[in-house]
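Curious how the descriptive words for a structure follow from its numbers? Let's walk through some of them together.

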Amino acid sequence: MCGIVGLFAKDAALEAELGAHLATMLASLSDRGPDSAGFAVYAPPVRDAVKLTLRGPAGYDFDALAAALRGHLAGGVSIKPRGTHAVLVVPHTEVTAARNALATLAPELVVVGTGHRMELYKEVGAPAEVARQFDLAHMQGSHGIGHTRMATESAVTTDGAHPYSTGPDQCLVHNGSLSNHNTLRRSLRRSGYTFATENDTEVAAVYLTAKLHDGLSLDAALRGSLNDLDGFYTFVVGTETGFAVLRDPIACKPAVMAETDRFVAFGTEYRALTDLPGIEQARVWEPEPATVYQWDRRA
Amino acid sequence: MTQRAFARVIDLEHVAVRELNQALHDLAPDSNATHWQVLNPRGRHALAVGLDAEVTVEIEGHAGYYCAGMNKRASVIVHGNVGVGAAENMMSGFVHVHGDASQAAGATARGGMLLIDGNAAARCGISLKGGDIVVKGSVGHMSAFMAQAGTLVVLGDAGDSLGDSIYEAHLYIRGTVAGLGADCIEKPLADRDRAELHAKLQQAGLAGQVDVGAFRRYGSARQLYHFHVDHADAY
């Protein structure tokens with residue numbers, strides 16, 4: 001089970017509505033994943049700054065944290081709390097200093113994602129409720145991906161929820177399960193990569209991060225996963241400017257895509273796409289197995 | 001556009017799928033309500049399933065999983081795409097999908113005809129048990145997997161592993177076949193095969209539009225499902 005969604009705006013006018021559409025899409029796949037939900041939105045960047053999405057315990061005082069951080073970092077620091085998460089914006093020269101300061105000042109916080117554009121939120125609970133907690137409906141962005149989880153391999157925890165982000169502005173949602181994740185995790189660890197969980201999807205995310213770090217294009221990295229990942233998967237991947245979809249060669253896990261002049265959308269089921277503007281006229285198709293589909297805002 | 005008159009119009013924005021299906025199941029044998037229209041399907045699952053009546057149901061848009069599953073006698077026409085398992089385990093009747101079909105279309109169908117104007121994804125006609133499937137486009141990989149009886153007619157191409165572990169279903173493919181599955185082989189297109197193919201195309205309303213001679217026939221090599229005592233050591 002599990003449901004995944006993705007939306008990539010080709011028309012800049014759609015960016016203001018991106019969060020609203022993504023929220024509807026997530027809620028429509030509650031039946032497929034009632035345990036937890038998460039999403040990443042590629043929101044407008046802050047000039048010369050990097051966003052760190054933080055997750056803390058309920059009721060955490062993020063404003064006090066920002067005040068404390070100002071003493072440790074050069075340049076402006078701002079924070080925007082949303083429920084259990086907050087987006088911390090620091091000068092791009094201060095990212096390492098910020099991470100070090102966070103480890104000292106707030107060891108109870110988890111950095112769930114970093115990037116120029118990407119903000120990432122995930123929590124246990126029904127998808128519509130998770131979207132409401134973080135006010136997804138009012139977020140803007142060029143593209144976004146989301147996941148509704150029905151846990152089968154590991155416990156219902158926030159750490160087990162998707163998306164997984166293991167590199168700057170990179171995130172991944174996954175429907176399926178990987179069978180060689182332990183082997184691959186060991187091999188990636190030997191190459192110096194670290195893991196926050198025992199989750200199979202995190203291994204796929206780190207695998208792609210490693211390939212991108214080696215200089216491969218997103219398309220080439222995903223094609224590589226066809227050889228190196230064993231198991232069932234439909235992936236939707238976001239990068240700072242890119243949006244991609246890949247299904248394994250067996251393609252057990254369902255997937256539907258739609259494209260118009262204004263957007264490209266992905267849903268585990270067509271039901272997730274029915275409220276998108278102009279869906280009646282969209283080209284609707286089922287992505288082919290073992291085929292990378294990719295869009296880029298720079299193109 | 002032809003004027004269509006409907007005895008009943010069900011708008012799924014206001015009526016639950018269970019109510020639609022129950023109303024169709026409750027049709028009396030002598031009912032005059034033989035032509036139904038379903039509005040706003042919006043990818044909902046299990047539309048028009050388990051029908052057993054001489055009724056035509058037209059679905060105006062995309063349907064979700066298991067549309068027209070277990071169909072008996074009824075005609076279900078989908079003016080859009082269908083999700084996983086359309087017309088699965090159909091017993092008789094006619095299901096016509098104007099768009100594309102997702103995986104496992106016509107799975108385990110025992111009778112009736114499933115006509116798909118577009119493409120069908122993977123595992124079309126998996127474990128077919130006597131139904132007929134006509135796909136005007138192409139079918140995905142593992143189609144007709146373990147198909148036991150019935151026919152699969154494809155005007156386009158077939159994906160990899162066609163007819164894997166097939167029993168006695170008849171496969172007719174006009175385009176290319178990416179690869180044959182275990183124990184599936186090409187067979188000569190004899191006169192009786194041409195006659196069978198022509199009958200199925202006629203039933204699908206395609207007689208005269210398609211040259212039966214352009215198809216190639218595939219079926220079981222019968223090496224896999226028979227126990228050969230000479231090969232006992234290999235088991």
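The questions below take this predicted model from helix pairs to the sheet, the domains and the two chains.

Q: Why is H2(A) called oblique to H3(A)?
A: Helix H2 (residues 62-70) and helix H3 (residues 95-105) of chain A pack at about 120°, with their axes 11 Å apart. Angles of 65 to 115 degrees count as roughly perpendicular and those over 145 as roughly antiparallel. The angle of about 120° falls in neither class, so H2(A) is oblique to H3(A). H2(A) passes H3(A) in a right-handed crossing.

Q: What makes the contact of H2(A) with H3(A) nonpolar?
A: Leu65(A), Ala68(A) and Leu69(A) come from H2(A), and Ala98(A), Ala101(A) and Leu105(A) come from H3(A). Because Ala and Leu both count as nonpolar, the tally is six nonpolar, no polar and no charged residues.

Q: Why are H5(A) and H6(A) also oblique to each other?
A: Helix H5 (residues 181-190) and helix H6 (residues 200-213) of chain A cross at roughly 40°, and their axes come within 10 Å. Roughly parallel requires an angle under 35 degrees, and roughly perpendicular starts at 65. An angle of roughly 40° meets neither condition, and H5(A) and H6(A) are therefore oblique to each other. Their crossing is left-handed.

Q: What makes up the contact of H5(A) with H6(A), by class?
A: H5(A) brings His181(A), Leu184(A), Arg185(A) and Leu188(A), which meet Asp200(A), Val203(A), Val206(A), Tyr207(A) and Ala210(A) of H6(A). Asp and Arg count as charged, while Leu, Val, Tyr and Ala count as nonpolar. The contact therefore holds six nonpolar, one polar and two charged residues.

Q: How do you know which strands stand at the edges of the sheet in chain B?
A: The open sheet has eleven strands in the order E1-E2-E3-E4-E5-E6-E7-E8-E9-E11-E10, with mixed pairing. Strand E1 (8-11) and strand E10 (184-187) each have a single partner strand, so one side of each has no neighbour in the sheet. From one strand to the next, the twist averages 15°.

Q: How do you know that E3(B) and E4(B) pair?
A: A pair needs at least two bridges. Strand E3 (residues 56-59) and strand E4 (residues 75-78) of chain B have four bridges, in the parallel sense. Within this pair, Ile59(B) stands opposite Val78(B) in E4(B).

Q: What packs on the sheet of chain B, and which strands are touched?
A: Helix H2 (residues 191-203) of chain B does, touching strands E6, E7, E8, E9 and E11 of chain B. The direction of this helix makes about 75° with that of E8(B).

Q: What are the domains of chain A, and how far apart do their centres lie?
A: The assignment gives domain 1 (3-43 + 125-296) and domain 2 (45-116). Their C-alpha centres lie 25 Å apart. Ten residues of domain 1 and nine residues of domain 2 take part in the contact.

Q: What are the domains of chain B?
A: They are domain 1 (1-80 + 91-104) and domain 2 (119-235), with 28 Å between their C-alpha centres. The contact takes five residues from domain 1 and six residues from domain 2.

Q: How many residues of chain B are in contact with chain A?
A: There are 13 residues of chain B in contact with ten residues of chain A. On the chain B side, three are nonpolar, seven polar and three charged.

How values were computed: Residues are numbered from 1 along each chain as its sequence is written. Chains are lettered from A and ligands numbered from 1 in the order in which they are written. This is a predicted model: local features need pLDDT of at least 70, side-chain atom pairs count only at pLDDT 80 or more; totals for chains, interfaces and linings use all residues. Two residues are in contact if their C-beta atoms, placed from the backbone, lie within 7 Å. Domain bounds come from an automatic or database domain assignment. Axes are lines fitted to C-alpha atoms, for helices over the stretch in contact, and angles run from 0 to 180 degrees between N-to-C directions. Helices (H or I, at least four residues) and strands (E, at least two) are DSSP runs, numbered from the N terminus. A crossing is left-handed if the near helix is turned anticlockwise from the far one by less than a right angle, and right-handed if clockwise.
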